[in-house]
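The following questions and answers concern a structure shown below. Please consult the sequence and the coordinates alongside the text.

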Amino acid sequence: MTTVEFLPLAFRNIRRNRMRSMVTLAAIAFGAAAIILAGGFFQDTFLRMREGLIHSHLGHIQIYKRGYWDQGTARPFEYLIESPKPVVEALGSLPNVQLITPRFSFSGLLSTGENTVSVMVQGVNPDGEVRLRRIEGIPHADTGLAILEGTDLSNDDPFGVLLGQGLARATRLSVGDSVIILTNTVAGSLNAYDFTVRGLFASPSKEFDDRGLRMPLETAQRLLRTEAVESLIVLLRDTRHTESVLAQIHHGMAETYGIEAKAWHELADFYNRVVALYRRQFVVLIAIIAVIVVLSVFNTVNMSITERTREIGTIMALGFRPSEVRRLLLLEGLLMGIVGGVFGLLLGTALAHLLSIVGIPMPPPPGGTVEWRAAIKVVPELLLMAFGVATLSAFFSSWYPARRASGLVIADALRHT
Amino acid sequence: MSLIQAQSLKKLYRLGKTVVEALRGVDLSIEEGEFTALAGPSGSGKTTLLNLLGCIEVPTEGVILFDGIDIGRLTASQKADFRAENIGFVFQTFNLIPVLTAFENVEFPLLKKNLSRTQRHKRVEEALEAVGLAQLGRHRPDELSGGQRQRVAIARALVGRPRVILADEPTANLDRQTGLQILEIMQDLNQRYRTVFVFSTHDTMVMNLARRLIHMRDGRLIAKGPQP
Ligand SMILES: Nc1ncnc2c1ncn2[C@@H]1O[C@H](COP(=O)(O)OP(=O)(O)OP(=O)(O)O)[C@@H](O)[C@H]1O
Ligand SMILES: [Mg+2]
């Protein structure tokens, strides 16, 4: 006796009470669709957060002078890349590297005349940053760091700076205003220049939004009186290449040029914590959905088995073993799960597409400042998980009713009306 | 040796505090080729006795030997296999599986056996032929009359080529005319295949068609008709 031979009967038993089966199938399908939507939403959030960070601040890989991460925080100017050119060339020859752009971050004082605040200054290459912040392939997202007002940095305007919108608000500065920036040079003396606010930016990092200021790298180097750069930001063609490129840098290059490399995720502590938290929430959600599916399938199978008590007694009288009857009933549950699961996949993917086209308006994420539109990112693992939860919970909720039915005294089952 | 030998069968049912004695000590032998009716008033224990003989209920006391095998000692799975091999059932209420066609209903018990599809279909056609329903295989039970349904049920009991077919009031839900037709089919099969039939009935005309008549009262056999 193979289970396959029970298939036609199992199928027709499901179709027997159409209304009831439909309701159960709907419960399974909605459960699977809910998993796809919720999971896809989380996936999308992760993706946006990740790409937002990469395309505004982190790049995929950051290159520093060796020792920077251990000692550089206390004495940053002692760990500079003095001659970036050969390093840039070597990095540029690696496969999948799209862009290498230099930066110099340091702290300084910004004075408006009325008041003075401490700021995080970033000297950047304007062209490099334009390319870095371009995001491709994510709906409703095109830039990592957004210019809100005014215009972007330009090498033609060496003393035009960009302010984070939080910083601008706190200092009541707007485009066109003049400021003075004062800092220690690399050699330890003081230096200050006059600047004009050229534009305001919004950053996915609230900290940088509230304290950050950007100026052209060459201006920063003049201000600090150095030729060196602090770091090189490496952008890859795709985030998934991060590990392989990182390995290539660690292997040989790091030694040759006296540098060290950090992957984006080693620097995205906040992102990592958000992902861990969401993952846990997702597990709870899946458990809740599984319980709902189990309860609803359990109810249907239990009812349909009770109604068919005499029929089941007959099947056993005809010579089928309790285990064979159990298999038939489990098969019914499994089939229900498979059919419901398939509907769920269709429903879930369709809704995901629809919502992704429209975009879900979202408030700024924790630690961020920009309102955004979420989409639903459906990945294969998610479909598999939704289908798995649908079929397994349907299967296991038939377990008890099937056991109970197969344990009946046949004569009693036959007397059942 | 008899095909079936039942010795001092007792069956008690406990309903809360009261105990119903459905069988109070039944000794019975069934021989090869028998065509036997169980008669008796309602509650006399006919159904209970058939259930015990058919191995779908366990006696409180007593032994049943089927071809020398003590069926009381079999496990649930062994009993199932034993029934598939040796026993066919016909029920008062037909008990066909409503979602299967007549053909599929008859085929169903064969799913247990190691037969190819063609072999199965050949047997089903044979069985339907034997009950005169070769044309109606594609119909669902609810598209058939009571008599036709019972004939499908007989074909289903027959198809596994059991040695005994037990029929609990096979004609009770049919009009007299149809009931007699069913009995004729059973007689015919009994003669053709030497399948043993044991059936219970209230109907005197039906019981008079039996070659052996067993009367029951209060869980006991009270008279035995002539041996075949
Ligand atoms: N499952 C059960 N639980 C309790 N009592 C039962 C059960 N089955 C049968 N009985 C009782 O056992 C006795 C014999 O019942 P049984 O069904 O064998 O009689 P029967 O001769 O088949 O009657 P009928 O002609 O009405 O079908 C009756 O008193 C009945 O009430
Ligand atoms: Mg009865």
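Q: Which side-chain contact does Glu169(B) make with ligand 1, and at what distance?
A: This is a predicted model, in which local features need pLDDT of at least 70, side-chain atom pairs count only at pLDDT 80 or more, and totals for chains, interfaces and linings use all residues. Residues are numbered from 1 along each chain as its sequence is written, chains are lettered from A and ligands numbered from 1 in the order in which they are written, and side-chain values use heavy atoms, with hydrogens and water left out. A polar contact here is a pair of N or O atoms within 3.5 Å. For Glu169(B), a polar side-chain atom is separated from an oxygen atom of ligand 1 by 3.4 Å.

Q: What percentage of the accessible area of ligand 1 does the protein cover?
A: Accessible areas come from the Shrake-Rupley method with a 1.4 Å probe. On its own, ligand 1 has 630 Å² of such area, and the share covered by the protein is 72%.

Q: Between which chains does ligand 1 lie, and which residue of chain A places a polar side-chain atom 3.1 Å from a nitrogen atom of ligand 1?
A: Ligand 1 is located between chains A and B. From chain B, a backbone N or O atom of Gly45(B) lies 3.0 Å from an oxygen atom of the ligand. From chain A, the residue with a polar side-chain atom 3.1 Å from a ligand nitrogen atom is Arg415(A).

Q: Which element gives the most residues to the shell around ligand 1?
A: Helices (H or I, at least four residues) and strands (E, at least two) are DSSP runs, numbered from the N terminus. At least two shell residues each are supplied by helix 16 (410-415) of chain A and, in chain B, by strand 1 (4-15), strand 2 (18-30) and helix 1 (46-53). With three residues, the element that gives the most is helix 1 of chain B.

Q: How much area is buried between chain A and chain B?
A: Contact, meaning heavy atoms within 4.5 Å, takes in 25 residues from chain A and 27 residues from chain B. Buried area is the accessible area (1.4 Å probe) that two parts lose on being put together, summed over both. Carbon and sulfur atoms give 60% of the area between these chains, which is about 2300 Å².

Q: How far apart are the centres of domain 1 and domain 2 of chain A?
A: An automatic or database domain assignment divides chain A into domain 1 (3-51 + 272-415) and domain 2 (67-257). Taken over C-alpha atoms, the separation of the two centres is 50 Å.

Key
Near = heavy atom within 4 Å. Polar contact = N/O pair within 3.5 Å; in protein donor to acceptor, adjacent residues only side chain to side chain.
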